[in-house]
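Dear colleague,

Please find below the structure that I am handing over to you. A summary of what was found in it follows.

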Amino acid sequence: MNNSHYTILIVDDNKNNLFTLRTLILQHIEINVLEADSGQKALATLMTEKVDLIILDIQMPEMDGFETAKIIHSIKQTQHIPIVFLTAAYKSEEFQTKGFGIGASDYLTKPIDAAQLINRINLYLRFIQQEHRHAQILEQRVKERTAELAKANTCLSEVNTELEQLGHYNKLILETVSDGICGFNLSAEITFINPSAAQMLGYSISELIGQSACKLFCQNTNLETSFINMPFYQAIVHGKDYHSENECFYHKNEVAFPVECALAPIQSNNDITGTVLTFNDITKRKQTELMLTEAKEHAEQANNAKSYFLANMSHELRTPLNAIIGYSEILKDEMEDEISVETFLDSKDMCLQDLTRIQDSARHLLGLINDVLDVSKIEAGKMDIFNENVQIYRLLHEVLDQAFPLAAKKSNTLKTDYNDESFFLYTDRTKLYQILLNLISNSCKFTEQGEIRITVNLPAIENSDKSWICFVISDTGIGMTPAQQQKLFHIFSQADASTTRKYGGTGLGLHISKRFCELMGGHIEVSSELEVGSQFSVYLPLQKQA
């Protein structure tokens, strides 16, 4: 069997294995063999070469066989190529379920059984040949069918030429046959109605011919007089265009249903001889609109309930947490005072460490609850701003003192060049403190053995309308890609899910900082480069107390 026009791609990071497989295949099968020693090179080869079968090693560095197979099957150009996985015998059972789930066609274990390998390849080549033959047959059938369609199109063109001579009335009916269609004369009597319209109205066609529009579309005879004066009826009588999405027609059982309808005049020799009506039952659309409105109201109610619940629960949980912190501090002080009691000498240090952990954990939980409370207040529009004169120099050093343990934990240094003790800014001190501490803490978390610097930039000339004070927090940490920066300030999210696992965090800090900044009339900008560092710029309006 000549297989020289087929190609096999062997992917294995071990060059000895590549040589062995290539030699073994060429000894028994006349076929083209391509090689790749990594998943990346395999993908590059598939983009330029036509491959009929892939033999893929699972255990490869950087990109293993599973990852490579997923990418191959995600590309339209290569998703049809069968993949035979290679794996060590002791790993076969572990990998089989995963491999078949990805879309593997078969498995072969190492060391390779030569006879088994050749038999499997020949089997797949037979399948490929059958598919090629089938494709050729289909191609021939398509050509034959195309010729038949061309002949049918010629016939249809001749029929269409004849249909164009039937007149405007028949043309309207044919073009709107899927809708309800009804024809009226100028006396508002039905002259034609199609089966779809009759079915929607609950009548037979013979029952409707000759009926008046008043009797058909107004079940209550007391309303017939007012119906005559309605635009719908007047458009029929005078042969005018009319369109409405809020009409109600009546079923034979006297149940009303909403319709969207359109009226168009019928002309013959420039004279209006009647009107054609097209309509659709829009009951389901109206029901859907009502359901969407109700769903929107339920969602708004649920959102308000969530915010109310968070606000109340945060207050309830804060009270016992404060008690934990207070009692742990008391116990710590008492333990430190018991240094003369011999029974405490052995366990004192351990107890003090445990109590310290209680304090730290409680403070951490309190901080999380405060963040949740801040978010709920912001969403509920209950967050207030309390402006006061703030000495920037003192505030910066308070923030740095608070952040120093976080920086020291990862051997980072904190620096600031701001030494002006005379400058005061009229703003919300608590929220500015929280913004700066959040940003510096974030930099400390994603920086190791680096530098975190805070700089204050003031305009050369202060303009009460356009002047800004800018706090710049820069670090030499891991940085971010542009895609990560896009979702940086989203609530409950971090730049990358992997950072959440490695560095921890709820994703609330940056969101709260951004919202606080906006409430204070400012904004936050970020610039970052991966593996170089990040820079956050906080802009607040430069104003002083009158």
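**Pockets, cavity and sheet**

The largest share of the lining of the second largest pocket comes from α5, which contributes 5 residues. Please bear in mind that this is a predicted model. The second largest pocket encloses about 260 Å³ of space. Its lining comprises 15 residues, of which Val51, Asp52, His80, Ile81 and Pro82 are the closest to the centre. Sorted by class, the lining of this second largest pocket has 7 nonpolar, 4 polar and 4 charged residues.

I turn next to the enclosed space. The structure holds 1 cavity of 30 Å³ or more, and the space in the largest cavity amounts to about 30 Å³. The residues lining the largest cavity are Leu53, Ile55, Val84, Leu108, Leu117, Arg120, Ile121 and Tyr124. By class, 7 of these lining residues are nonpolar, none is polar and 1 is charged. Both β3 and α5 (114-163) supply at least two residues of this lining, and α5 gives the most, with 4 residues.

Tyr124, one of the residues that line the largest cavity, also takes part in an aromatic contact. The structure holds 5 aromatic pairs. Among them is the pair of Tyr124 and Phe127, which is edge-to-face, with 6.4 Å centre to centre and 80° between the planes. Both residues of this pair, Tyr124 and Phe127, lie in helix α5, where they are 3 residues apart, about one turn of the helix.

The sheet remains to be described. An open sheet is formed by 5 strands in the order β2-β1-β3-β4-β5, with parallel pairing. Why do β2 and β5 each have one side without a neighbour in the sheet? Because β2 (32-36) and β5 (106-110) stand at the edges, each has a single partner strand, and one side of each is left without a neighbour. On average, neighbouring strands of this sheet are turned by 20° against each other, direction ignored.

Within the sheet, strand β3 (residues 53-57) pairs with strand β4 (residues 83-88) in the parallel sense over 4 bridges. For Asp57, the bridge partner in β4 is Leu86. Helix α2 (residues 39-48) packs on the sheet and touches β1 (7-11), β2 and β3. The direction of helix α2 makes about 160° with that of β1.

Yours sincerely

Key
Residues are numbered from 1 along each chain as its sequence is written. This is a predicted model: local features need pLDDT of at least 70, side-chain atom pairs count only at pLDDT 80 or more; totals for chains, interfaces and linings use all residues. Side-chain values use heavy atoms; hydrogens and water are left out. Two strands pair if DSSP finds at least two bridges between them. Axes are lines fitted to C-alpha atoms, for helices over the stretch in contact, and angles run from 0 to 180 degrees between N-to-C directions. Contact means heavy atoms within 4.5 Å. On a 1 Å grid over the protein atoms alone, a cavity is a set of points where a 1.4 Å probe fits but cannot get out, and a pocket is an open set with protein on both sides within 12 Å along at least five of seven lines; lining residues have an atom within 4 Å of a point. Grid points are joined across faces, edges and corners, and a volume is the space filled by probe spheres set on the points. Ala, Val, Leu, Ile, Met, Phe, Trp, Tyr, Cys and Pro count as nonpolar, Asp, Glu, Lys and Arg as charged, and the others, Gly among them, as polar. Rings of Phe, Tyr and Trp (its six-membered ring) pair if their centres lie within 6.5 Å; planes under 30 degrees apart count as stacked, over 60 as edge-to-face and the rest as tilted.
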